[in-house]
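Thanks for making the time, everyone. I would like to walk through a few places in this structure that I think deserve a careful look, so please keep the view open while I talk.

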Amino acid sequence: MAEQMTQTTAMSVLVVDDESGMRSFLKKALARRFTLVEVAGSVEEAEQLRSRCHFDLLIVDISLPGRDGIEWHEALDLDTRRSDVIFMTGFADMDTAIRALRAGAADFILKPFRLEQMIQAVDRCIERRLLRRENLMLRREMAHSHPSTIIGNSPNLLEMKEVIRRIAPTNSVVLIEGESGTGKELVARSLHQLSGRNGTFVAVNCGAIAPELLESELFGHVAGAFTGARGTREGLFSFASGGTIFLDEIGEMPLQMQTALLRVLEQRTIRPVGSEKEIPVDVRVVAATNRELLEEVNAGRFRRDLYYRLNVLNILIPSLRERPDDVVDLVHHFTRQLSSELGVREVAWSHEDLLVMQGYDWPGNIRELRNMVERCLLLGKPPAEYWRSQQTAQEPEGQGAGYPVDMALKEVERLHVLRVVEQQGGNKSAAARVLGVSRKTLDRKFKEWGLAE
């Protein structure tokens, strides 16, 4: 840590001292440790500076013109009081030291001091602050993955939570079903959190990886297995060893890969691409889909034997319209969470806003609700005004779906395809099935329209 402290830290410091020599001395000495070093000769100057910027550390002389440095610090608002503070004084006594400590001083330095004394005190403050930041990030990560973040107390959601609690400690395969945006990955993380498994949770979107690369991504490959495979690479199953692998959008997995996955589930081994060696794996598999897999089986797009192997334990996530009583709790949860993450003020949702939101169908489910809250916070619009504009823009199903009779056929085709892709949450493979065309045809259309990724 000592070596790290000699480098500039992404933090800010404000030095408040009425002696210009001391201000210049400390500004130069601290420049290597902070990205921002500001100095002030009085409380008034300090107030002007802190009104424009938050400071991680304050270095304050107790004897300031017109006002005691300790009294000034005690009068600061709570946000500023979260800054660490080091007090300096040339007239120390026991009472002053006690006052400084009671005011929350991180350190107390008697003038004149050696530069080494100040640097050591500053480095201790930086180290403590970095540790607090790391702990905060860890707590946020734990909160994100903790099952308590499944918000809601409607009867069908409480029933789902009980199912999660009962099956989490087992090693059986779990199939999570539900509409797009209902929170399937959150449920999978909750299963892992409660499972007691010590390994990593690895999430894989099977629909987002090119079919020709999916096998290598999941099982790894050896050098020379294919063009560009210069070295050996472990797959995601290996990374998840001892933990859980979450296969999202399992219905998008190509038939060839379905065969390979079935072998993994039955034999508990993987074979990297280009290798003859079977590698044992201890991984719990959780799969998810927003499609009716049995319909995919009957249509010949999904292996029947894999379907029954995956469907050992089943969790069906209710859509948001099936639990309208949870909408209010979710709105408040996302408002608190996002306002903190984005650094913006919370909005006050009116009773009218909440009633309208409870009555809306939410085709995009929780993802759509979260996006709406985020956009409202970022745009700074009054909730009611924003919600009315959204309701106007989102016409009910069956209305506004027609096109003007004077519109060219190619333009009608383009608008209709884009509408279906949007309804499928941007999933082009799913949209292609709805439209009755191949994925290649859809990609070609997007390229023609200049929309290819």
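Asn365 counts as buried, because its relative accessibility is 0% and the cut-off for buried is under 20%. Bear in mind, as with everything I say today, that this is a predicted model. Asn365 sits in helix α17, which covers residues 365–379, and its phi is near 55°, a positive value in a residue other than glycine. Most residues other than glycine have a negative phi.

Arg268 also has a positive phi, in this case near 60°, and again the residue is not a glycine. Is Arg268 buried or partly exposed? With a relative accessible area of 31%, Arg268 is partly exposed, and its place is the loop that runs between α12 (255–267) and β13 (269–270).

While we are on backbone geometry, please move to the loop between β7 (107–110) and α7 (115–145), where you will find Pro112. The peptide bond leading from Lys111 to Pro112 is cis, with omega near -10°. Most peptide bonds are trans.

Lys111 brings me to Asp61, since Lys111 is among the residues that Asp61 touches once those up to four places away in sequence are left out; the others are Val16, Asp17, Asp18, Gly69, Met88 and Thr89. An unreviewed UniProt entry annotates Asp61 as "modified residue: 4-aspartylphosphate", and I would remind you that such annotations may be inferred rather than shown by experiment. In the model, Asp61 is buried, with a relative accessible area of 4%.

Where does Asp61 lie? Its place is in strand β3, residues 57–61, and five of the five residues of that strand are buried. Both faces are covered, with Leu57, Ile59 and Asp61 on one side, and Leu58 and Val60 on the other. Strand β3 pairs in the parallel sense with β6, residues 84–89, over five bridges, and the residue of β6 that stands opposite Asp61 is Met88.

Finally, a word on internal space. The count comes to one cavity of 30 Å³ or more, and the largest cavity has a volume of about 40 Å³. Its lining is made up of Glu249, Ile250, Gly251, Glu252, Thr289, Asn290, Arg291 and Asn427, and these lining residues divide into one nonpolar, four polar and three charged.

Technical notes
Residues are numbered from 1 along each chain as its sequence is written. This is a predicted model: local features need pLDDT of at least 70, side-chain atom pairs count only at pLDDT 80 or more; totals for chains, interfaces and linings use all residues. Side-chain values use heavy atoms; hydrogens and water are left out. Helices (H or I, at least four residues) and strands (E, at least two) are DSSP runs, numbered from the N terminus. Buried means under 20% relative accessible area, exposed over 50%, partly exposed in between (1.4 Å probe, protein chains only). Contact means heavy atoms within 4.5 Å. On a 1 Å grid over the protein atoms alone, a cavity is a set of points where a 1.4 Å probe fits but cannot get out, and a pocket is an open set with protein on both sides within 12 Å along at least five of seven lines; lining residues have an atom within 4 Å of a point. Grid points are joined across faces, edges and corners, and a volume is the space filled by probe spheres set on the points. Ala, Val, Leu, Ile, Met, Phe, Trp, Tyr, Cys and Pro count as nonpolar, Asp, Glu, Lys and Arg as charged, and the others, Gly among them, as polar. Two strands pair if DSSP finds at least two bridges between them.
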